[in-house]
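Reader: I'm new to looking at protein structures. Could you walk me through this one, a feature at a time?

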Protein chains: 2
Amino acid sequence: MKYKLYYWAEIQGRGEFIRLALEDAGAKYVDVLRTSARYSMPKGVFALPYLVAGKRVISQTTNILLYRGTRLGLAPKDEPGSLWVHQLQLTIADWLVEAHDVHHPIGSGLYYEEQVPESRRRAADFLAVRLPRYLDYFEGVLKGQSGGYLLGRTATYADLSLFQMVAGLRYAFPVAFGRLEGRFPLISRLYDRVIARPRVAAYLTSSRRIPFNRQDVFRHYPELDSAAKKSKKT
Amino acid sequence: MKYKLYYWAEIQGRGEFIRLALEDAGAKYVDVLRTSARYSMPKGVFALPYLVAGKRVISQTTNILLYRGTRLGLAPKDEPGSLWVHQLQLTIADWLVEAHDVHHPIGSGLYYEEQVPESRRRAADFLAVRLPRYLDYFEGVLKGQSGGYLLGRTATYADLSLFQMVAGLRYAFPVAFGRLEGRFPLISRLYDRVIARPRVAAYLTSSRRIPFNRQDVFRHYPELDSAAKKSKKT
């Protein structure tokens, strides 16, 4: 099966969770919008990304991973295992929205420059409250396992997504996340484990990997990276 | 099977999507925290709600509905149908987060009173841009169907959740949503259809239904309801 992925050509975004899964699985796919700007939103799709698999069109990132995860060898076959990975992925999806809303607390259709003071406040809350909460949670899940991945010895699409979160956070918040990360050694180790996977490593150094940039979900703005300290008294 | 639902006793929140499904299906369940304040977060659960079904503990609202939807008679049995309802539910879940963030654009741990100006701006964007976009989408899905529900003649948990969105929006934004709703007759008709379902009707008039209130996801603040008009020029 050759998949067609439809997602923005300029950003990693939510679509990156799917790209990483397809790449790690060695699946055949076309990242359609990287070579052609034309598409029409299929019926029933609310927003990008969507995946075309034969005659089927699936959207919502977590749903795509649920649908293909087992087939790609990145999720258990049994129902409890499959739901458990999906549950982890849903939590990562919530986390990604919050990481995005740090620089878009007022509206996703507005520019960052139109919401800078609000972003500073939201960044302070994200870095002080929400980010440690998510990190605590995933560190705790990893603590219950041996083998270094969320489910133990075998990587799932949730591990690839957690890797992506760490990569994004390191880029967006080098200072604030740098200060935090040492408290979550199992997450850092998972990052190292994922980046050493041959197909992931090949992907990340290829032109298929879109570099981090300021149109993306993870954005580096020094004023937000340092918001934690400055806004403590707000 | 008698389910145990763990969710905040004071609010409808995300848990209401599950309560509505359990009620409509006539399932036996205990809404545990309504009678007992004590619980400890089970391993692997990031946040409420979670559902206990026999020995299994499932969390993330959409995951719970995916897991139980078919068994409750509220989702198709086939994989494409089940994923399609799940996809609709994931979009409703995103929508609910945005409805919440209208009054909490800076941080969910802060009071509304600490983020009023930001909330006004976010409300303006939500009412002008995001809300119509979601309504357009679901009106479009309904347009493709005969029978009045999202999948046609048979209600799914996504229909119950869409009903809940309309109920919440009517409460939170009587003016702004009141102005919009006429453009989405199929959604209004779905609301009427769901509220006429005998078990839903019985539930809504029972003490098991928690009234809307200002601790909840949907909140009525007149200044946000009128934000659309006032902030157009911001």
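Author: Sure! Let's begin with buried area: that is the accessible area, for a 1.4 Å probe, that two parts lose on being put together, summed over both. Keep in mind as we go that this is a predicted model.

Reader: Okay, so what is the area buried between chain B and chain A?

Author: The general idea comes in handy here: the size of an interface is often given as the accessible area lost when the parts come together. Between chain B and chain A, that area is about 3600 Å², and carbon and sulfur atoms give 50% of it. As for residues, chain B puts 38 into the contact and chain A puts in 38.

Reader: Which three residues supply 20% of the area that chain B buries against chain A?

Author: Look for B:F46, B:I106 and B:R121; no other three residues of chain B supply more of that area.

Reader: How many salt bridges are there across the interface of chain B and chain A?

Author: General idea again: side chains of opposite charge can pair when their charged atoms come close. Across the interface of chain B and chain A, the rule finds 6 salt bridges. Try finding the one between B:R56 and A:E79, where the closest N and O atoms are 3.3 Å apart. There are also 25 residue pairs in polar contact between the two chains, counting pairs with both residues at pLDDT 80 or more.

Reader: Which elements of chain B each supply at least two residues of the side that touches chain A?

Author: Those are β4 (56-59), α2 (61-69), α3 (79-101) and α4 (116-143) of chain B. The largest share comes from α3(B), with 10 residues. Sorted by class, that side of chain B has 15 nonpolar, 12 polar and 11 charged residues.

Reader: What rotation superposes chain B on chain A?

Author: In general, two copies of a chain are related by a rotation about an axis and a shift along it. For this pair, a rotation of 180° with 0.0 Å of shift along its axis puts chain B on chain A, with an RMSD of 0.0 Å. That is the relation of a two-fold axis. To place the axis by eye, go to B:P105: of the residues of chain B, its C-alpha comes closest to the rotation axis, at 2.8 Å.

Reader: And why do the copies meet through the same surface?

Author: Compare the two sides: 100% of the interface residues of chain B are also interface residues in chain A, so the copies meet through the same surface.

Reader: Now inside one chain. Which domains does the assignment give for chain A?

Author: Domain 1 covers 2-69, and domain 2 covers 79-197 + 212-230. Their C-alpha centres lie 21 Å apart. You can read the contact between them just as you did for the chains: domain 1 of chain A gives 15 residues and domain 2 of chain A gives 19. About 1500 Å² is buried between these domains, and carbon and sulfur atoms give 68% of that area. On the domain 1 side, A:Q12, A:F17 and A:T62 lose the most area to domain 2, together 40% of what that side buries.

Reader: How many salt bridges does the rule find across that interface of domain 1 and domain 2 of chain A?

Author: The rule finds 1 salt bridge there. A:D24 and A:R197 form a salt bridge whose closest N and O atoms are 2.8 Å apart. The rule also finds 5 residue pairs in polar contact across the domain interface, both residues being at pLDDT 80 or more. On the side of domain 1 that touches domain 2, the elements giving two or more residues are α1 (15-25) and α2 (61-69) of chain A. The residues of that side divide into 6 nonpolar, 5 polar and 4 charged.

Reader: How many salt bridges does the structure hold over all chains?

Author: It holds 20. One pair to look up is A:R19 with A:D31, at 2.6 Å from N to O. This pair links distant parts of the chain, with A:R19 in helix α1 and A:D31 in strand β2 of chain A, 12 residues apart.

Reader: Last one, about the backbone. Is the peptide bond from A:L48 to A:P49 cis or trans?

Author: That bond is cis, with omega near 0°. You'll find A:P49 in the loop between β2 (28-31) and β3 (50-53) of chain A. In chain B, the bond from B:L48 to B:P49 is cis, with omega near 0°. For another backbone detail, check A:Q60: this residue is not a glycine, yet has a positive phi of about 70°. A:Q60 sits in the loop between β4 (56-59) and α2 of chain A.

Technical notes. Residues are numbered from 1 along each chain as its sequence is written. Chains are lettered from A and ligands numbered from 1 in the order in which they are written. Side-chain values use heavy atoms; hydrogens and water are left out. Domain bounds come from an automatic or database domain assignment. Contact means heavy atoms within 4.5 Å. A salt bridge is a side-chain nitrogen of Lys or Arg within 4 Å of a carboxyl oxygen of Asp or Glu. A polar contact is a pair of N or O atoms within 3.5 Å; within protein, one must be able to donate a hydrogen and the other to accept it, and residues adjacent in sequence count only if both atoms are side-chain atoms. Helices (H or I, at least four residues) and strands (E, at least two) are DSSP runs, numbered from the N terminus. Ala, Val, Leu, Ile, Met, Phe, Trp, Tyr, Cys and Pro count as nonpolar, Asp, Glu, Lys and Arg as charged, and the others, Gly among them, as polar. Copies are superposed by least squares on the C-alpha atoms of residues with pLDDT of at least 70 in both.
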